[in-house]
Every structure is written in structure tokens, then in C-alpha cells.
Amino acid sequence: MSSNQFNKGPSYGLSAEVKNRLAQKYDPQKEAELRIWIENITGREIGPDFQKGLKDGVLLCELMNKLHPGSIRKINRSALNWHQLENLSNFIKATISYGLKPVDLFEANDLYENGNMTQVQVSLLALAGMAKTKGMESGVDIGVKYSERQERSFDDAKLKAGHCVIGLQMGTNKCASQSGMTAYGTRRHLYDPKNQILAPMDHSTISLQMGTNKCASQVGMTAPGTRRHIYDAKLGTEKCDDSSMSLQMGSNLGANQSGQVFGLGRQIYDPKYCPQSGPPGEAANAARHEDGGYY
């Protein structure tokens, strides 16, 4: 580490870069308007330096008492630092009671030490706007008038009716209509643009580019569950009607369930114990002799 880092003393307040940025946001035109506004209301002059004329807090306290009489009961006219800082603190508290938001306030050191005059200007402009909102006339059009809160009360019937209204943020069907649509189930005509047929004059005609069911029919189809005959094309058998199926599709003609039992015991056949020749009784006796069975 270099020795300069140890020799450097502590730094307090805003850095030079931040001060320069805040100074660039300061508006001299607004300062001139605020000067006229404060002097018209208090009847006193600020002086050539705007910051030095307000840093003791006396003129700001008198301004606050003009806007809201009795808001600051004691004004210190001493030249001591803590008395002047007390005046600024009383002014800030009075502006809060007057209706200013905390985001619009400045700190006492912002004005007293000339640390952030941009925030002081913002606070005084907000105070002028609040005074205009409360009907204070000063002869200078300065500050933005605050919007007034308008409360409305609705009965239960009106509130329930509002539940059926869909906001425009969810979309709208204002321009939607079913004009020109045919009734459900109505026949729609077909035309082919390839054959240079003019487009129809209505919306009930479908182009062949969308497909067509013009040649489709259910003629010859049997009812569901109807028996279908089997024929073999290889044997030259001709089918009798459209309900006959070709053997190329497969056939169940020779299939049956003859000899099948359900739930009964099934005997196991082993050719070792069941020789192919001889009567069945002799084969069974031979099997008993080999197993040591009985006669």
C-alpha cells in the first residue's frame, strides 16, 4: 500500500462528482420564480444570494406562517448556528403538517451548508404547488397543482353490476360481429378458382382450395353390426355384394371355439408316458409299473 492512503483524511458529505451532477439539475429560472413568490407572500426581500438569504431559516418560517398561520410559534433571530438550524427543522416539520410528502423534503444541512440546493428547490416548488392547491393566491403561477381526491360511494346493486364488466386490458369484442354468417347447418356452395369461375357474391361458398366433400357419399355402406360375407379372390370367387370381404384382408371363416372349456382342469400330455402305439389302457398300466404304482 502507498503512504498516501494512510495520510488521506476521512471524507464526509457528498463527493465532488455527485455535487456536480446535482448542480447541473439546478434551474436558475425556477430560482427566479421562487424568489418572486416568496417575496410577494412575505413582503420581504431575500437578497442577491438566494442560498444565503434563506440559510438562517427566518424568512422560511415567516413564509410558512403566512401559508398556515400559527404553524411555527417560535422563530429564532439569533446568529448562532444551532438557532438557525432549529428554524430550518421547524420549517421542515411545518411543511409535513401542511401536506408535503417526505420525498419532496430537504434536510437542514442541504440549505445551511449549501450541500444540495437542487433538493431545496424541489421542496420549495412542491410547497408552492400545495399552496396553489389550497387556494393561496400569490400573483405568480408557480408550482404544480395537486389533484384532489374524489371519493364515490356505490350501493350493492351498482357494485354487483360492475362484476359483469370486462376491462379493455383483457381485450374487447366491440368491433366483432356475426354479420354475413350463415345459419348453422345451412348448405354451402363450392366453386373452383382454377376453372376461372368468378368468386361468389356471398360468404356461403367454399373454395375448392379448402377441400371438398362433393364426391363423398355413404351409398352401399351397411348398417353397423350387419354380417359381411367372405370370398377368396385367388379362387376366382366373385363377391356377391359390397358387404363381402376379400381373404386378402384376413378371414375368420374357419375359427370356432369348439372343444374349449372355461374354468375346468386341463390334462397335461407327455409323450414319454403316452406311447403312440398300443391301446390306451396298456400305456397307462406301463406308466404305473415304472412309478411303483398299484394295480
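Let's start with Phe91, which is buried in this predicted model. Its relative accessible area is just 1%. Under 20% is what it takes to be called buried, so Phe91 qualifies.

Phe91 has an aromatic partner, Phe106. That residue is buried as well, at 4% relative accessibility. How many aromatic pairs are there? The count comes to 1. The centres of the rings of Phe91 and Phe106 are 6.2 Å apart, and the angle between their planes is 40°, so we call the pair tilted. The cut-offs behind that word are simple: under 30 degrees would be stacked, and over 60 would be edge-to-face. The two partners sit 15 residues apart and tie together distant parts of the chain. Phe91 belongs to helix 6 (residues 81–98), while Phe106 is in the loop between helix 6 and helix 7 (108–112).

That loop also holds Pro102. Is Pro102 buried or exposed? With a relative accessible area of 70%, Pro102 is exposed. Its C-alpha atom is 9.6 Å from that of Ser123, a residue 21 places away along the chain.

**Helix 5 and its neighbours**

Now for helix 5, which covers residues 58–67. Of its 10 residues, 8 are buried, so the helix is largely enclosed by the rest of the structure. Which residues of helix 5 are buried? They are Val58, Leu59, Leu60, Cys61, Glu62, Leu63, Met64 and Leu67. These buried residues pack against helix 3, helix 4 (50–54), helix 6, helix 7 and helix 8.

Three of these packing partners are set out below.

| Helix pair | Angle between axes | Axis distance |
|---|---|---|
| Helix 3 and helix 5 | about 65° | 9 Å |
| Helix 5 and helix 6 | about 25° | 9 Å |
| Helix 5 and helix 8 | roughly 15° | within 12 Å |

Take helix 3 (residues 28–42) to begin with. Its axis makes an angle of about 65° with that of helix 5, and the two helices are therefore roughly perpendicular. Helix 3 passes helix 5 in a left-handed crossing. On the helix 3 side, the contact is made by Trp37, Ile38, Ile41 and Thr42. Helix 5 answers with Leu59, Glu62, Leu63, Lys66 and Leu67.

Helix 6 is set against helix 5 at an angle of about 25°, which means that helix 5 is roughly parallel to helix 6. This crossing is left-handed. Val58, Leu60, Cys61, Met64 and Leu67 of helix 5 meet Asn87, Leu88, Phe91, Ala94, Thr95 and Tyr98 of helix 6. So Phe91 turns up again here, as one of the residues of helix 6 that meet helix 5, and we already know that Phe91 is buried.

Helix 8 (residues 117–133) crosses helix 5 at roughly 15°, with the axes coming within 12 Å. That makes helix 5 roughly parallel to helix 8. Once more, the crossing is left-handed. Here Leu60, Leu63, Met64 and Leu67 in helix 5 meet Leu124, Leu127 and Ala131 in helix 8.

Leu67 is worth picking out, since Leu67 takes part in the contacts with helix 3, helix 6 and helix 8. Leu67 is also among the buried residues of helix 5.

**Two polar residues that are buried**

Gln84 is found in helix 6. At 11% relative accessibility, Gln84 counts as buried. What does Gln84 touch, apart from neighbours within four places in sequence? Its contacts are Lys55, Asp56, Ser78, Ala79 and Tyr112. Gln84 and Val58 are 26 residues apart along the chain, yet their C-alpha atoms are separated by 7.7 Å.

Arg35 lies in helix 3 and is buried too, with a relative accessibility of 17%. Leaving out residues up to four places away in sequence, Arg35 touches Ile46, Gly47, Pro48, Asp49 and Phe50.

**Lysines over rings**

Finally, look at two lysines. Lys55 lies over the face of Tyr112, 4.5 Å from the ring centre. Both Lys55 and Tyr112 are among the contacts of Gln84. Over the ring of Tyr98 sits the charged end of Lys134, at 4.4 Å from the centre. Tyr98 is one of the residues in helix 6 that meet helix 5.

Methods: Residues are numbered from 1 along each chain as its sequence is written. This is a predicted model: local features need pLDDT of at least 70, side-chain atom pairs count only at pLDDT 80 or more; totals for chains, interfaces and linings use all residues. Side-chain values use heavy atoms; hydrogens and water are left out. Rings of Phe, Tyr and Trp (its six-membered ring) pair if their centres lie within 6.5 Å; planes under 30 degrees apart count as stacked, over 60 as edge-to-face and the rest as tilted. Helices (H or I, at least four residues) and strands (E, at least two) are DSSP runs, numbered from the N terminus. Buried means under 20% relative accessible area, exposed over 50%, partly exposed in between (1.4 Å probe, protein chains only). A charge sits over a ring if NZ of Lys or CZ of Arg is within 6 Å of the ring centre and within 35 degrees of the ring normal. Axes are lines fitted to C-alpha atoms, for helices over the stretch in contact, and angles run from 0 to 180 degrees between N-to-C directions. Angles under 35 degrees count as roughly parallel, over 145 as roughly antiparallel, 65 to 115 as roughly perpendicular and the rest as oblique. A crossing is left-handed if the near helix is turned anticlockwise from the far one by less than a right angle, and right-handed if clockwise. Contact means heavy atoms within 4.5 Å.
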